[in-house]
Amino acid sequence: MDVRVRYAPSPTGLQHIGGIRTALFNYFFARANGGKFILRVEDTDRERYSDESLEDLYSTLEWLGIKWDEGPVVGGPYGPYIQSERFDIYREYAQRLVDEGKAYYCFCTPERLEELRKEQAASKSEYQGYDRHCAHLSDSEIKELLRQGIKPVIRFRVPTEGKTTFHDILMGDITRRNRDISPDPVILKSDGFPTYHLANVIDDHLMKITHIMRAQEWIPSGPLHVLLYEAFGWEVPQYCHLPMVMGKDGQKLSKRHGSTAVRDFRAKGYLPEAIINYVTLVGWSLDGETEFFSKEDLEKCFTMEGIHKAPAVFDYKKLDWFNGQYIRQADNARLSSLIAPYLEEAGYVSKPLTDSDKALVEKIVPPVKERMKVLSDVVPLTAFLFEDNAVTDKAIYIAKGSDETKTGEALRKGSCILLSGLKGGEKEEVIEEKLSSLAAELGIKVNGVFQPIRVAITNSTVSLPLFDSIRLLGMDETEKRLARAVKLFEEN
């Protein structure tokens, strides 16, 4: 079998982690099996559709390096690949079902359907849903209603007896009583727009999709889709419903857990290779041990057998860790180009960069790459180079286990050790040993000396390595800031 899979999002919102995971699973499965990855835009929900969402779909896949073999922009033999351009196709196939008695025109007004819903709710009827009021209209009745200008919807006849089963590669056989399937759902609206179920089945068949990998939330639609395939006399593709993506609290991942839009992760400074690696591991593994995979690795080794049945947890801290690892592996020249926009946005360097700005950014990269979890961390980590917001709260200088008096002494004596050592050409390790000895002399932990010095120089408790900070700041400015801190503790 020639594998053909698809990612078929609706452009009604930004691409989110769950959707992109579906895209990645489909893409890697296609590549690993020498198949085709098709992109289809399901844009029939015109009320929620937005051009921004469509552009976000394209730009997100491009940023991740995910190229589709067939679809919008690139074309292909089974287009159009945008559903709003396929309405004639849907009407033709919906009419075919009507002509064969497998679907019918329904002229019920919204008011009648609302009244029916209220009556069923009030009576707590076991039977909920459409009552098949128009299922047996005669040809003459239909002609008369059409003559009156009433535009009907088309409803699919769902069998009232028996059961429908479909096989899921992960979950096994899934069976549902036909009576429990949505009774005679609308498949073509009165305005000619198809519903999701009709368009989805027709497109998957005509585009020769062999495997449907989608979220488990679509499992309830499976039996209805199988009935539609059978009504058309078409072969049913293989289904693989993917595990849900959950937050650490066991609830479906949503904005209450944090950002879910890939655009937000991109803006914050996550690398595409980190997103690809970590998101693919949310619900999939190769051997239960290997964690690091390049995109090229996954294009070769991804298997459907590695997909987990159980819901998968998206851990933001784990993603941060992955991203930090990829940042440290990144080439310095690449990092320079990636962090520059954050420094430009903060107003720390000019836009476009001058030659001196470029040189400064290049100098910043080696120390910051060891400290960043995301690229945007470069701004708070280097703010001390561009803004001198002196810390005047003595409590921030004082490390755990120390006090104000000892901190003042650590600053005064530590500054002398540091500055004289640097000016005298002492090695950094020697200066560090002397500062550690000072801590022992004062009866405090080593951080009781290093923290106030770092705060004095960088105006922050979280900073670049001490000697890197001094090199970037310059000796004159370093000396001035240390003297200012010493004076702060000398004042009552």
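Contact here means that heavy atoms lie within 4.5 Å. The structure is a predicted model, in which local features need pLDDT of at least 70 and side-chain atom pairs count only at pLDDT 80 or more, while totals for chains, interfaces and linings use all residues. Residues are numbered from 1 along each chain as its sequence is written, and side-chain values use heavy atoms, with hydrogens and water left out.

With contact pinned down, T382 is a handy place to start. Leaving aside residues up to four places away in sequence, T382 touches L343, I364, V368 and L464. T382 sits in helix α14; helices (H or I, at least four residues) and strands (E, at least two) are DSSP runs, numbered from the N terminus. Its relative accessibility is 0%, so T382 counts as buried. The labels work like this: buried is under 20% relative accessible area, exposed is over 50%, and partly exposed is in between, using a 1.4 Å probe and protein chains only. T382 has company in α14 (residues 378–386), where V378, L381, A383, F384 and L385 are also buried. The cover over the buried residues of α14 includes α12 (332–345), α13 (355–369), α18, α19 and α20 (475–490).

Next up is helix α17, which has 15 residues (428–442). The expected span of a helix is 1.5 Å times one less than its number of residues. For α17 that gives 21 Å, and the end C-alpha atoms are indeed 21 Å apart, so the two agree. Buried residues in α17 are I431, L435, L438, A439 and L442. These cover an arc of only 100° around the axis, which puts them on the same side of α17; the arc is that of the directions from the helix axis to the C-beta atoms. Turned away from that buried side is a face carrying the exposed residues E433, A440 and E441. Among the elements covering the buried residues of α17 are α16 (404–423), α18 (447–458) and α19 (466–473). Just past α17, G443 takes a positive phi of about 75°.

Now for the strands. All five residues of β8 (residues 211–215) are buried, so this strand is largely enclosed by the rest of the structure. Strand β8 pairs in the parallel sense with β9 (residues 238–242) over five bridges, where pairing requires that DSSP finds at least two bridges between two strands. Within this pair, M213 stands opposite C240 in β9.
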